[in-house]
Amino acid sequence: MTTSFPMNAGDVPYSYSKNSHLQREVLDGAKEMMKEVIIEHLDIKNMLSSSNKFYIIDLGCSIGPNTFNSMQHVVQVVKDKYHDNILEFQVFFNDHVNNDFNTLFRSLPVDRSYYASGVPGSFHGRLFPSRSIHVAHCSSAIHWLSKTPKELLDEKSSSWNKGLINYIGASNIEVMNAYVAQFEKDMEMFFNARAEEIVPGGMMVLISPQLSEHLLKFFGSSLLDLVNEGKLDESLVNSFNVPVYFPSIEDMTKVVEKNDCFSIERVELTHPKSKLVDEADAKTLMINLRAVLEGLFINHFGSKIAKEAFTRTILKSDEVSAWMKINYKKACQLFIALKRK
């Protein structure tokens, strides 16, 4: 069963809509590559020989405003390439059923050049009829697993991840293996579903920032601080793992080749310009991650402990900034463009 804890809803101070600067930078950093793969590899005339309807989906859209920016970019690139004013664009915004779709649709741009629909449901399964989608897009979402591998929480298992909340920093290789195995299972379902839904010749672009994975350790250290102060039971930390796995190029290549329904048109790790990283703006970055993770933490630890952990982590901004300056000089964003065979 798929579990989901969506980004913070609404328009409050710690909402995702007000704290998604990093995700916006991820999209901005990929815009030129997105334009290039559409221009070079998307053949609309063959796909739309008897129709003028063009269907796009944003998988894991959350609540905006980033999803609107990325979808308008795709629409504009297709328009510019074909200079076709007859084309009509339908954009489907997809996320889990408990995503805040009300906030999403209240903030829809009035000047958009596409029709908009919401599609609730997990992208690890089918969402659309066969051969109905021309372009699929997924940014800052593919790393979310459908569930936490159960063996990580079992103290009798060789994969028990004692004292940690993710695979980062784990000395036990079995912990990493459990995350990888779950990722591969999820991606098998993901690609099988997209292979049915995307038309032959259609495109799918996946973008995954690698920045956030290492920052999880600071949240984990705040939880352990609370344990050491007697404010949190250690067993609660040992029974909690964040269900995210940030894939490498090798990971993505492996799952795509196993599926064998898509050709890889472009794959690379890039180092997009990031104002947050360049200025080591750790406080803004950690607040951004709070908007992403808070629901997950509250569900497990309760509101009081979760808020205390986030407050403490934000207070570690100097430590986080120093770490960012040392470690984020390398390529940290995965971009992969696929074409349905």
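Trainee: How many of the 17 residues of H3 are buried?

Mentor: In this predicted model, 12 of the 17 residues of H3 are buried, so the helix is largely enclosed by the rest of the structure. The buried set runs through Asn 66, Thr 67, Phe 68, Asn 69, Ser 70 and Met 71, then includes His 73, Val 74, Val 75, Val 77, Val 78 and Tyr 82.

Trainee: What does helical geometry lead one to look for in such a list?

Mentor: An α-helix has 3.6 residues a turn, so residues three or four places apart point the same way. As for its dimensions, H3 covers residues 66-82 and reaches 25 Å from its first C-alpha to its last, close to the 24 Å expected at 1.5 Å a residue.

Trainee: Which residue follows H3, and what is the sign of its phi?

Mentor: His 83 follows H3, and its phi is positive, near 45°. Helix H8 (residues 249-259) can be read in the same manner: Asp 260 comes after H8 with a positive phi, near 65°.

Trainee: Against which elements do the buried residues of H8 pack?

Mentor: They pack against helix H5 (173-197) and three strands, namely S5 (198-209), S6 (262-270) and S7 (333-340). The buried residues concerned are Asp 251, Met 252, Thr 253, Val 255, Val 256 and Asn 259.

Trainee: How many residues does the largest nonpolar core have?

Mentor: The largest nonpolar core has 69 residues, and those with the most contacts inside it are Phe 191, Leu 206 and Phe 297. Its largest share, 10 residues, comes from helix H10 (residues 282-301). Another core, of 35 residues, lies apart from it; Ile 38, Leu 42, Met 71 and Val 135 are among its members.

Trainee: With which residues is Leu 206 in contact, leaving aside neighbours within four places in sequence?

Mentor: Its partners are Cys 138, Ile 142, Phe 190, Phe 191, Met 252, Leu 334, Phe 335, Ile 336 and Leu 338. One of them, Met 252, is a buried residue of H8.

Trainee: How is an internal void to be read, and how many cavities of 30 Å³ or more are found?

Mentor: One considers the volume, then the lining, then the elements that supply the lining. A search of the whole structure finds two cavities of 30 Å³ or more. The second largest has a volume of about 60 Å³. Its lining consists of Leu 27, Ala 30, Lys 31, Met 34, Ser 70, His 73, Val 74, His 137 and Ile 207. Helix H1 (21-41) and H3 are the elements that give two or more residues to this lining, and H1 gives the most, with four.

Trainee: Is Ser 139 buried or exposed?

Mentor: Ser 139 is buried, with a relative accessible area of 11%. Ser 139 is found in strand S4 (residues 133-139). Beyond neighbours within four places in sequence, Ser 139 is in contact with Val 26, Leu 27, Leu 59 and Ile 207. Of these partners, Leu 27 and Ile 207 also line the second largest cavity.

Trainee: Where is Asp 100 placed?

Mentor: Asp 100 is in the loop between strand S2 (88-95) and helix H4 (101-106). At 16% relative accessibility, this loop residue counts as buried, since the cut-off is under 20%. The C-alpha atoms of Asp 100 and Ser 62 are separated by 7.4 Å, although the two residues are 38 apart along the chain.

Trainee: What percentage of the contacts between residues at least 6 apart in sequence join residues at least 24 apart?

Mentor: In the protein chain, 83% of those contacts do so. The secondary structure comes to 12 helices and seven strands, and 56% of the 341 residues count as buried. The chain exposes about 15,000 Å², of which carbon and sulfur atoms supply 51%.

How values were computed
Residues numbered from 1 in each chain as written. Predicted model: local features only at pLDDT ≥ 70, side-chain atom pairs only at ≥ 80, totals over all residues. Heavy atoms only, no water. Core = buried A, V, L, I, M, F, W, Y, C linked by side-chain atoms within 4.5 Å. Buried < 20%, exposed > 50% of the residue type's maximum accessible area, 1.4 Å probe, protein only. Contact = heavy atoms within 4.5 Å. Areas by Shrake-Rupley, 256 points an atom, 1.4 Å probe, with all protein chains shown as cover. Expected span 1.5 Å × (residues − 1). 1 Å grid on protein atoms, 1.4 Å probe; cavity = no way out; pocket = protein on both sides within 12 Å on 5 of 7 lines; lining within 4 Å. Points joined across faces, edges and corners; volume = space filled by probe spheres on them.
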